[in-house]
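Thanks for coming. I will go through one structure today, and I will keep to contacts, strands and surface. Please look at the model while I talk.

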Amino acid sequence: MNIKSKLLLALLATSSAAFAQTAPAAPESTLGYNVGVASEYRYRGIAQTHGQPALQGGVDYANTNGFYLGAWASTIRWIKDNSTAASPVKGPVEIDLYGGYKGEAAGLAYDVGYLRYQYQGNTLKNTGTGTTWTNANTDEIYGAVTAGAYTAKYSYSLSDLFGNINSKGSTYIDLSATFDLGDGYSLVPHAGRQVVKNTAAANYTDVALTLNKDLGDGLSASASAISTNGNGASGGFYSSPYQSFNQAKSTVVLGVKYSF
């Protein structure tokens, strides 16, 4: 081997070693933000903003070890809808605080965690005589299993659920799927069952079909057709007695979100 060949090999070896030392390592964690607007905020099929638009946003932290934390907020109106002239109540914002762990086992993805619904400064318990509602703040734990496109999730309340008195131990079962349609489109069918402990009139089933579109550069849009059996033809638990508004009626919700 001539001197030029030896010099070239030495240069290549040095360059490879330097690259190996300076190449960036995979990030141990990620931090993401999102902000969006929806034509209406629906949660588990039930109207949260009296059919009016909602401003929403959140932040999410995820570690490569599987642990995650997040916070999300939205404007709401359902608490205010329980006001009367004699007993006005307030609670204009919902703040969700959550954390959990995601992993895989036996070919299945799983997700377990805790979720706090914080309705900052809400006075829902002051409605009427105070015997109908309690503080709206709610604590839940949840577990979900995903197999391919299909996900099943179970939520259990550790406190009274959304202000319903003596409703600790309420449950919600969520069945959904995500189908990639190509070209940035995805279709998400969903069915859920809410059971409110000690308040049979509040139990209901909701279904939804959502079409999502990735618009690129962190921007996405969605359209959801939503229906529930929360109220009968003559009204029911989810018909606001003070605002003449059916929170459980069928609707279509449009949304736009920017993630960065």
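I start with R44 and E140, both of which are buried. Keep in mind throughout that this is a predicted model. R44 and E140 form a salt bridge, and their closest N and O atoms are 2.9 Å apart. This pair links distant parts of the chain, with R44 in the loop between β2 (42-43) and β3 (46-47) and E140 in strand β8, residues 138-147. The two residues are 96 residues apart.

How many salt bridges does the structure hold? There are 4. As general background, side chains of opposite charge can pair when their charged atoms come close. Another of these bridges is between the side chains of E40 and R42, at 2.8 Å, N to O. E40 and R42 are buried as well.

One more salt bridge I want to show joins D81 to R77, where the closest N and O atoms are 3.0 Å apart. Are its partners buried or exposed? D81 has 2% relative accessibility, so D81 counts as buried. R77 comes out at 23% relative accessibility and therefore counts as partly exposed. The cut-off that matters here is 20%, because buried means under that value. As for location, D81 lies in the loop between β5 and β6. From D81 to G91 is 10 residues in sequence, and the C-alpha to C-alpha separation is 9.9 Å.

Next, the aromatic residues. Searching the whole structure gives 13 aromatic pairs. Take Y43 and Y117: the ring centres are 5.8 Å apart and the planes are at 65°, so this pair is edge-to-face. It also links distant parts of the chain, since Y43 is in strand β2 and Y117 is in strand β7, residues 108-118, 74 residues apart. Y43 has 23% relative accessibility and so counts as partly exposed, while Y117, at 1%, counts as buried.

A second edge-to-face pair is made by W78 and Y119, with 5.6 Å from centre to centre and 90° between the planes. Here too the pair links distant parts of the chain. W78 sits in the loop between β5 (67-75) and β6 (93-105), and Y119 in the loop between β7 and β8, 41 residues apart. Both W78 and Y119 are buried.

If you want a group of rings to look at, find W133, Y204, F237 and Y238. Ring pairs link these four residues into a cluster.

Two lysines also sit over tyrosine rings. The charged end of K102 is over the ring of Y68, at 5.3 Å from the ring centre. K153 lies over the face of Y142, and the distance to the ring centre is 4.6 Å.

Now some strand pairing. Strand β13, residues 204-216, and strand β14, residues 219-228, run antiparallel and are joined by 10 bridges. To find the register, look at A208, which stands opposite I226 in β14. The two strands form a hairpin with 2 residues between them. In that turn, D217 has a positive phi of about 55°.

Which strand does β14 pair with besides β13? β14 is joined to β17 by 8 bridges, and this pair of strands also runs antiparallel. A point of reference on this side is S224, which stands opposite V253 in β17.

That brings me to the surface. There is a nonpolar surface patch of about 1100 Å². Its residues are L31, Y33, V35, V37, L55, Y61, L69, L215, L219, V256, Y258 and F260. Which elements give two or more residues to the patch? They are β1 (29-38), β4 (54-63) and β17 (251-259). The largest share comes from β1, which contributes 4 residues.

As an example from the patch, take L55, which is placed in strand β4. L55 has 55% relative accessibility and therefore counts as exposed.

To recap: I showed a buried salt bridge between R44 and E140, the hairpin of β13 and β14, and the nonpolar patch of about 1100 Å². Those are the places I would ask you to look at in the viewer.

Conventions:
Residues numbered from 1 in each chain as written. Predicted model: local features only at pLDDT ≥ 70, side-chain atom pairs only at ≥ 80, totals over all residues. Heavy atoms only, no water. Patch = residues over 30% accessible without salt bridge, like charges linked within 9 Å, V, L, I, M, F, W, Y side chains within 5 Å. Areas by Shrake-Rupley, 256 points an atom, 1.4 Å probe, with all protein chains shown as cover. Buried < 20%, exposed > 50% of the residue type's maximum accessible area, 1.4 Å probe, protein only. Pairing = 2+ DSSP bridges. Phe/Tyr/Trp six-rings, centres within 6.5 Å; stacked < 30°, edge-to-face > 60°. Lys NZ or Arg CZ within 6 Å of the ring centre and 35° of its normal.
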